[in-house]
Amino acid sequence: MQELTHYINGTHVKGTSGRFADVFNPATGEVQAKVPLAGAAELDKAVEIAAAAQPAWAAVNPQRRARVLMKFVDLLNRDMDKLAEALSREHGKTLPDAAGDVQRGLEVVEYCIAAPQMLKGEFTDSAGPGIDMYSMKQPLGVSAGITPFNFPAMIPMWMFAPAIACGNAFILKPSERDPSVPLMLAELLEEAGLPKGILQVVNGDKEAVDAILDNEIIQSVGFVGSTPIAEYIYGRGCTNGKRVQCFGGAKNHMIIMPDADMDQAADALVGAGYGAAGERCMAISVAVPVGDETADRLIEKLVPRVEALKVGPYTSGKDVDYGPVVTAAAKANIERLVQSGIDQGAKLVVDGRNFKLQGYEDGFFIGAHLFDHATKDMDIYKTEIFGPVLTTVRAQSYEEAIGLAMDHEYGNGTAIFTRDGDTARDFANRVNVGMVGINVPIPVPLAYHTFGGWKKSVFGDLNQHGPDAFKFYTRTKTVTSRWPSGIKEGGEFSIPIME
């Protein structure tokens, strides 16, 4: 049985709390490792070391800090296959999907190489008689990130890359379900030239989270996960005077207009709804066809596509569409919600409840499910299922369809498929959702834009990555400077005489 570690001050360190969590292979259901769960004392020690290392790192000019990230990008590309395999082994997603997880994090690191430009301040010459005024963007000190199981490479890099580029030290508390890749990333950053102590990886559960929120040295906290936990972290962190950004749950709607290309819409829904077994905060989980005729045509296209999905372990090859969900508890919760949909009157047109994979009977695999004729009062509509379940809610008009997306408590992402530009522009302008796709099913912005939802999908006023990241991980200092006049006259070189 492999015993994982923390990564403190450039060294793998065994846990001392005596508490561990099991790390499963989701494809087999077997425990493949144990990860230590840090107590408050371990967390506080990691923060103390980071705080001692941070001033010297902040004093390194931004261009040299960026060079470390340049080298880190090279190392990520070098070890891409190794990282993807480790990620798939603990999370369960397919190898191409795991490589994509690393790649989308890498792209944010590439953006952060622009730190010398992003950290430039402002200057006003002659703001008053002999007065100049300028601003500086300075690091916060020690920041922390609490990251989810579903993107164990991407989300950590979305947080620590801009934080480190800005001159901060960073405490990473990754998910205890798949902790190996974050530890590997810390090793690669040190190989790239990051000083010891600047990135600390502390594994843990709620005890470690509370220690982060209560530690007086930590100045900011980022979180991605469920909305109830996001609300808890945001509230406790802000109460303790920290800068906090928390990203919560989602229920992403895709509206299909009657004029949409139905094959394109169906392909988009299958990829966005079932990829990564639906364990994505940007997964499309609700299809909203406008009109019964549109709905009938869409369901006709969807059913054979959903039934043809190949489910299996990442070791089965690159033609596997999705793998298992992350834990037995996650599987049981999805099955419970599917049953609630049946009990509450939705029509299960593709039934994956009897799915079994020979040789992997103890794995956490779930067959694909497709519901039709769901309504907004059903649990499968209101709740984030986080599984391979697509729910169809029929709307009789465009106004009813956009109203569904706008009235839902979550506002992470949404999409519309149409050939009409006026409808698309109206949708993009009116919908109260943070990320919008027009004939694009998963509208995750590229690294140089920002990522963030609205409503109960976000707590805080700044998004992830892009320009907002440099705002979140710095604070502005403004200096007003005035120098006495006359000094420039210089010395007297003639013989002094009495006036």
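A crossing of two helices is right-handed if the near helix is turned clockwise from the far one by less than a right angle. This term describes two helix pairs in the structure above, which is a predicted model.

The first pair to look at is helix 2, residues 62–78, and helix 7, residues 180–191. Their crossing is right-handed. The axes lie 8 Å apart, and the helices pack at an angle of about 130 degrees. Angles over 145 degrees count as roughly antiparallel and those from 65 to 115 as roughly perpendicular, so helix 2 and helix 7 are oblique to each other. On the side of helix 2, the contact is made by Val68, Leu69, Phe72, Leu75, Leu76 and Arg78. Helix 7 contributes Leu185, Leu188, Leu189 and Glu191. Sorted by class, the residues of this contact comprise eight nonpolar and two charged ones, with no polar residue.

The other pair is helix 10, residues 262–274, and helix 11, residues 292–307. Here the axes come within 9 Å and cross at roughly 55 degrees. Angles under 35 degrees count as roughly parallel, and helix 10 and helix 11 are therefore oblique to each other. Helix 10 passes helix 11 in a right-handed crossing. From helix 10, the residues in contact are Met262, Asp263, Ala266, Asp267, Leu269, Val270 and Tyr274. They meet Thr294, Arg297, Leu298, Lys301, Leu302, Arg305 and Val306 of helix 11. The contact between helix 10 and helix 11 has eight nonpolar residues, one polar residue and five charged residues.

Key. Residues numbered from 1 in each chain as written. Predicted model: local features only at pLDDT ≥ 70, side-chain atom pairs only at ≥ 80, totals over all residues. Heavy atoms only, no water. Axes fitted to C-alpha atoms, helices over the stretch in contact; angles between N-to-C directions. Helix = DSSP H or I, 4+ residues; strand = E, 2+ residues; numbered from the N terminus. Contact = heavy atoms within 4.5 Å. Nonpolar A, V, L, I, M, F, W, Y, C, P; charged D, E, K, R; others polar.
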